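Trainee: I'd like to learn how to read a structure like this one. Could we go through it together?

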Amino acid sequence: MFAKITGTGSYLPKKSLTNHDLAEFVDTSDEWVKQRVGIKSRHIASDDETTSLMALEAAKDAIKSANISAKDIGLVIVATGTSEYLMPSVASILQHELSIPSCPAFDIGAACSGFVYAVDIAKQYIENNTAKHVLVVASERMSRALDWNDRSTCVLFGDGAGAVILSQSHEPGIIASKLHTNGEGLEMLQFKSPLKRKLDETHSENAYITMQGNKVFKQAVSSLTTLVNELLEDAKITKKDIDWLVPHQANYRILEATAKKLGLCMSQVVVTLDTQGNTSAASIPLALDYAIKNKMITSGQTILTEAFGAGLVWGGFIAKF
Ligand code: UT7
C-alpha cells in the first residue's frame with residue numbers, strides 16, 4: 001500500500017504588506033528585498049487569524065479537495081513553531097472543530113522543515129495500514145515572532161497555512177522521503193520561548209526570531225544539493241524524471257541553486273516567495289496547493305520537495321501525482 005497526496009488546501013491572511021510598506025518603518029528598501037531575497041509582499045495575520053484558525057481553514061479546504069469526510073481521517077499532524085498555545089496542540093483543536101473521530105492527533109516542531117517531517121510520519125502510518133487518510137497541516141503566524149525593528153529578519157517572513165490529505169493508494173505516491181538533523185548549528189536560527197525565563201523573573205523578555213542569515217544560507221545550499229541526490233537515489237529515478245521542484249520558500253537564490261542541481265529551469269520551480277515571503281513550515285503545502293489549483297502540477301507528474309530550517313533540520317520527499 002502506498003501513501004498518496006489526494007487533496008490540498010490553504011489559507012492566507014487577507015492583509016498583505018509590501019516592501020514599500022515595510023520601508024516606511026524599518027531601514028530597508030523594495031530593491032534590496034527583491035534582489036537579495038525575491039520577496040515583493042507577504043501576508044500578515046490579523047489578531048483573529050490565529051495559527052489554529054488558519055490551520056482549520058486550510059484543513060477544510062484540503063478535506064474538500066480530497067473528496068473525503070472528516071470522519072474518514074485516522075491521524076492529524078500539525079507542523080508549527082508559532083502556535084498561540086504551547087498546549088493544547090493545534091491538532092487537538094482541529095480534531096474537535098472538524099468532528100474527526102478519536103484518533104492520534106499531535107503537533108510537531110521541525111521549524112521550516114516541519115511539513116516534510118510530518119509527511120514522513122504520515123507515510124509510515126499509511127504504509128503500516130494504521131490510518132487510511134491522514135490530515136497534515138502546517139500553519140505559521142511568523143509576524144508575531146518577529147522583531148519589527150530588526151531588518152535582518154522582519155522583511156523575510158509571512159503568515160499562512162497549507163494542508164494535504166495523504167491517503168492509502170494502490171498506485172505509488174510518496175516514493176522517497178529523507179530527513180536530517182545537525183544540532184551543531186543551534187545558534188544560527190532561534191526563537192526562544194517565554195518559558196526560558198528564570199523562576200524569580202516577574203517579566204519575561206520579549207523573545208523574537210534571530211538568524212545569522214549568511215551562515216544559514218551557505219548551509220542550506222550545500223545540504224539541499226546533497227539531499228536532492230539522496231532522494232533521487234532512494235526513489236531509483238533520475239533528475240530527468242522530476243517535473244516540478246516544490247521547495248521551501250526562503251530565498252530565490254536558494255531555489256535557483258537547487259533547481260540548477262536538478263537540471264530544472266526556473267519555470268519548473270513553484271515560486272510563491274514573491275507574494276507570500278517565508279512562511280516557515282507552511283511554505284511547501286502553500287506552494288503545492290497553489291500549483292495544483294492553478295493546474296501547473298497535473299496527474300502523472302513527479303515532484304520533489306525540500307526544506308531547510310532551524311535545528312538545523314532539513315529534508316524532503318519525492319511524490320507522484
Ligand atoms: O527558512 C529558514 C531558513 N532560512 C534561510 O534559508 C535564510 C537564508 N539566508 C538568506 O536568505 C540570506 O542570508 C538573507 C536574505 C537573510 C540575507 O541576505 P545576504 O545576502 O546573506 O545579506 P547579509 O546578511 O550578508 O547582509 C548584506 C548587507 C549588510 O550590509 P553591509 O554590512 O554589507 O553594509 C546588511 O546590513 O545587507 C544589509 N541588510 C539589509 N539591507 C537592507 C541586511 N538586511 C537588510 C535589509 N534591507 N532588510
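Trainee: Let's start with the ligand. Which side chain has an N or O atom 2.8 Å from an oxygen atom of the ligand?

Mentor: Keep in mind that this is a predicted model. The side chain you're after belongs to H248, with an N or O atom 2.8 Å from a ligand oxygen. When you read a spot like this, look for pairs of N or O atoms within 3.5 Å. T28 gives you another pair: a polar atom of its side chain sits 2.7 Å from a nitrogen atom of the ligand. With G213, look at the backbone instead, where an N or O atom lies 3.0 Å from a ligand nitrogen.

Trainee: How much of the ligand does the protein cover?

Mentor: On its own the ligand has 960 Å² of accessible area, and the protein covers 71% of that. Around the ligand you'll find 22 residues, and the closest are T28, R36, H248, N251 and N278.

Trainee: Okay, now sheets. What holds the strands of a sheet together?

Mentor: Strands in a sheet pair through backbone hydrogen bonds, and they can run parallel or antiparallel. Here, try the open sheet with four strands in the order 8-13-12-11, where the pairing is mixed.

Trainee: Why is one side of strand 8 and of strand 11 left without a neighbour in that sheet?

Mentor: Because strand 8 (174–181) and strand 11 (244–247) are at the edges, each has a single partner strand. From one strand to the next, the twist averages 10°. Strand 11 runs parallel to strand 12 (residues 302–309), and four bridges join the two. To find the pairing on screen, look for W244, which stands opposite I303 in strand 12.

Trainee: Which helices pack against these strands?

Mentor: Helix 7 (residues 213–235) packs on the sheet and touches strand 8, strand 12 and strand 13 (313–320). Its direction makes about 145° with that of strand 8. Helix 8 (residues 252–262) lies across strand 11 and strand 12, at about 150° to strand 11.

Trainee: What is the strand order in the open sheet of five strands?

Mentor: That one goes 1-7-6-4-5, again with mixed pairing. Its edge strands are strand 1 (2–11) and strand 5 (105–108), which pair on one side only. For an antiparallel pair, look at strand 6 (residues 133–141) and strand 7 (residues 159–169), joined by nine bridges. There, V136 has V164 in strand 7 as its bridge partner. Helix 10 (residues 283–293) lies across strand 1, strand 6 and strand 7, running at about 90° to strand 1.

Technical notes
Residues are numbered from 1 along each chain as its sequence is written. This is a predicted model: local features need pLDDT of at least 70, side-chain atom pairs count only at pLDDT 80 or more; totals for chains, interfaces and linings use all residues. Side-chain values use heavy atoms; hydrogens and water are left out. Two strands pair if DSSP finds at least two bridges between them. Axes are lines fitted to C-alpha atoms, for helices over the stretch in contact, and angles run from 0 to 180 degrees between N-to-C directions. Contact means heavy atoms within 4.5 Å. A residue is near a molecule or strand if one of its heavy atoms lies within 4 Å of it. A polar contact is a pair of N or O atoms within 3.5 Å; within protein, one must be able to donate a hydrogen and the other to accept it, and residues adjacent in sequence count only if both atoms are side-chain atoms. Accessible areas come from the Shrake-Rupley method with a 1.4 Å probe; for residues, only the protein chains shown count as cover.
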